[in-house]
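Thanks for coming, everyone. Please take a moment with the sequence and the model before I start talking.

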Amino acid sequence: MTEAGPAPVACRSCGASDLENILSLGRTPLANALLTEEQLSAPEETFPLDLAFCARCTLVQITETVPPEKLFREYFYLSSFSDTMLRHAEEIVSRLVAERGLGAESLVVEVASNDGYLLQYYARAGVPVLGVEPAENIARIARDERGIPTLCEFFGDELAGRLAAEGRQADVIHANNVLAHVADLNGVVRGFARLLKPGGVAVIEVPYVAEMVERCEFDTIYHEHLCYFSLTALERLFARHGLSVVDVERLSIHGGTLRIFVGKGEGDGGRGRSPAVSRLLEEERAWGVGDIDFYRGFGARVEGLRADLTALLARLKAEGRRVAVYGASAKGSTLLNYFRLGRETLDFVVDRSTVKQGYYTPGTHLGIHPPTRLLEEMPDYVLLLTWNFADEILEQQAEYRRRGGRFIIPVPEVRVV
């Protein structure tokens with residue numbers, strides 16, 4: 001583990017300047033900066049990837065801010081390629097339509113709406129929708145292929161004010177796995193407050209920092225993910241802008257997720273605050289959400305995981321085994337680059353996303369192919385970097401496994417299935 005770099009001048013949430021360093025993953029390329037064959041010989045831009053902790057508000061955050069235009073204007077992740085994500089989206093939409101009586105007079109807005117994977121279910125139910133998606137290539141897919149009205153813009157206080165002035169306030173705002181991506185946390189949350197109707201609700205999902213630390217999910221750290229949230233940190237952030245966390249759920253998706261429901265003032269349209277909020281805040285105090293010692297052991301566990309996985313792969317290579325990779329994911333980029341795993345150990349990558357196929361992985365330069373390549377070449381093992389969708393992928397690859405192929409799942413501990 002390399003020496004941690006300098007912490008940022010101020011916490012992204014509360015502005016405190018006395019941040020403490022937790023872990024450094026060195027300098028890495030941008031996780032989703034896939035390469036064409038022509039780009040393989042050119043130098044790649046890299047950035048420090050250091051993790052820090054704010055004792056004042058408990059927010060865990062990386063110290064480097066890469067300009068969002070560089071990260072998000074063209075993007076390679078399409079949520080619709082995951083059956084798990086589609087089921088997850090459909091379930092919450094059906095629930096909210098029923099619970100909140102949404103209909104033709106309502107409006108649902110999704111921030112970072114991707115390819116319309118979630119809003120399509122509201123549209124099918126006759127509920128007006130609006131997507132906000134900064135990636136031009138993905139906003140185009142949402143509009144042209146799914147008919148989802150989509151603004152190709154970054155969400156914030158200014159855009160929210162403009163929409164509110166046009167009379168487009170939201171009964172429901174969705175923000176799935178986006179809050180961690182924004183440098184101006186306070187500007188985005190102010191935007192939620194401005195865009196939300198009285199009695200409306202913002203439904204926000206973020207990876208849970210407790211799961212990241214306890215399950216050694218270090219590969220969720222990359223430059224797009226600026227922040228790693230506890231409920232404690234979220235409650236303090238939203239309270240600063242007159243918003244209240246009125247309910248919380250813990251979900252297993254993405255290796256551990258918090259889904260929070262946020263309303264204006266003390267309650268969500270008179271519904272009041274769920275006891276689940278108080279319970280989880282108390283749990284966090286018990287495990288040490290505000291104590292740097294909880295986070296300091298994280299780095300040592302990451303090093304142990306690196307030793308285990310690289311030793312296994314070295315043994316397989318020495319035995320003449322072929323190892324491929326499943327998942328040209330952002331988390332996979334972090335793992336491959338920090339563990340220094342490339343062409344000398346791994347043969348190729350497969351990914352279900354057609355927009356990634358034909359490109360090469362950043363830093364490690366592995367070619368990305370369709371999953372059919374596994375049956376065509378039958379490597380002995382496949383390193384599963386999208387471990388958060390393990391059940392779905394193992395089911396999809398039943399024939400590969402039936403023929404004797406095996407998967408290596410690296411997180412939270414190395415295992416072969």
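Accessible areas here come from the Shrake-Rupley method with a 1.4 Å probe. By that method, the accessible surface of the protein chain comes to about 16,400 Å². Carbon and sulfur atoms own 48% of that surface. One caution before we go on: this is a predicted model.

Let's start with the whole chain. How many helices and strands does the protein chain have? There are 14 helices and 17 strands. The radius of gyration is 21 Å, and the globule rule gives 22 Å for 417 residues, so the chain is as compact as a globular protein of that length. Now picture a box along the principal axes. The C-alpha atoms fill one of roughly 65 × 50 × 40 Å.

What share of the residues is buried? Buried residues make up 59% of the 417. Next, contacts along the chain. Take those between residues at least 6 apart in sequence: 69% of them join residues at least 24 apart. And the charges? The chain has 45 positive and 58 negative ones. Their mean positions are 1 Å apart.

On to the inside. In soluble globular proteins, nonpolar side chains tend to be buried together. Here, the largest nonpolar core has 137 residues. Which of its members touch the most other members? Tyr122, Leu179 and Phe192 do. Helix H10, residues 292-318, gives the most to this core, with 10 residues.

Zoom in on Phe192. Skip the residues up to four places away in sequence. Phe192 then touches Val111, Phe155, Ile173, Ala175, Leu179, Ile204, Phe238 and Leu243. Spot Leu179 in that list. Leu179 is also one of the residues that touch the most other core members.

Now one helix, H5, at residues 157-165. Which of its residues are buried? Leu159, Ala160, Gly161 and Leu163 are. What covers them? The cover includes strand S5 at 129-132, strand S6 at 150-151 and helix H6 at 185-195. After H5 comes Gly167, with a positive phi near 85 degrees.

Stay just past H5. Gln169 sits in the loop between H5 and strand S7, residues 170-176. Is Gln169 buried or partly exposed? Its relative accessibility is 25%, so Gln169 counts as partly exposed, given that buried means under 20%. How far is Gln169 from Leu196? They are 27 residues apart along the chain, and their C-alpha atoms are separated by 5.6 Å. Leaving out residues up to four places away, Gln169 touches Leu107, Ala164, Arg194, Leu195, Leu196, Lys197 and Lys264.

Next, some backbone angles. Asn114 has phi near 55 degrees, a positive value in a residue other than glycine. Where is Asn114? Look in the loop between strand S4, at 108-111, and helix H3, at 119-124. Asn114 has a relative accessible area of 5%, so it is buried.

Cys216 also has a positive phi, near 60 degrees, and Cys216 is not glycine either. Find Cys216 in the loop between helix H7, at 209-214, and strand S9, at 227-228. With a relative accessible area of 4%, Cys216 is buried.

One peptide bond deserves a stop. Val411 and Pro412 are joined by a cis peptide bond, with omega about 5 degrees. Pro412 lies in the loop between strand S16, at 406-409, and strand S17, at 415-416.

Two more residues, and then we're done. First, Ile148. Ile148 is in the loop between helix H4, at 136-146, and S6. At 2% relative accessibility, Ile148 counts as buried. Ile148 touches Gly116, Leu119, Gln120, Ala123, Val129, Ala142 and Arg143, with residues up to four places away left out. What about Arg273? Ile148 and Arg273 are 125 residues apart in sequence and 33 Å apart in space, C-alpha to C-alpha.

Last, Glu377, in helix H12 at residues 372-377. Glu377 has a relative accessible area of 28%, so it is partly exposed. Which residues does Glu377 contact, beyond its neighbours within four places in sequence? Arg322 and Phe348. Glu377 and Arg322 are 55 residues apart in sequence, and 9.6 Å apart from C-alpha to C-alpha.

That's my tour. Questions, please.

Conventions
Residues are numbered from 1 along each chain as its sequence is written. This is a predicted model: local features need pLDDT of at least 70, side-chain atom pairs count only at pLDDT 80 or more; totals for chains, interfaces and linings use all residues. Side-chain values use heavy atoms; hydrogens and water are left out. A nonpolar core is a set of buried Ala, Val, Leu, Ile, Met, Phe, Trp, Tyr and Cys residues joined through side-chain atoms within 4.5 Å. Buried means under 20% relative accessible area, exposed over 50%, partly exposed in between (1.4 Å probe, protein chains only). Helices (H or I, at least four residues) and strands (E, at least two) are DSSP runs, numbered from the N terminus. Contact means heavy atoms within 4.5 Å. The radius of gyration is taken over C-alpha atoms; the globule rule is 2.2 Å times the number of residues to the power 0.38. Lys and Arg count as positive and Asp and Glu as negative; His and the chain ends are not counted. The place of a charge is taken as NZ of Lys, CZ of Arg, CG of Asp or CD of Glu.
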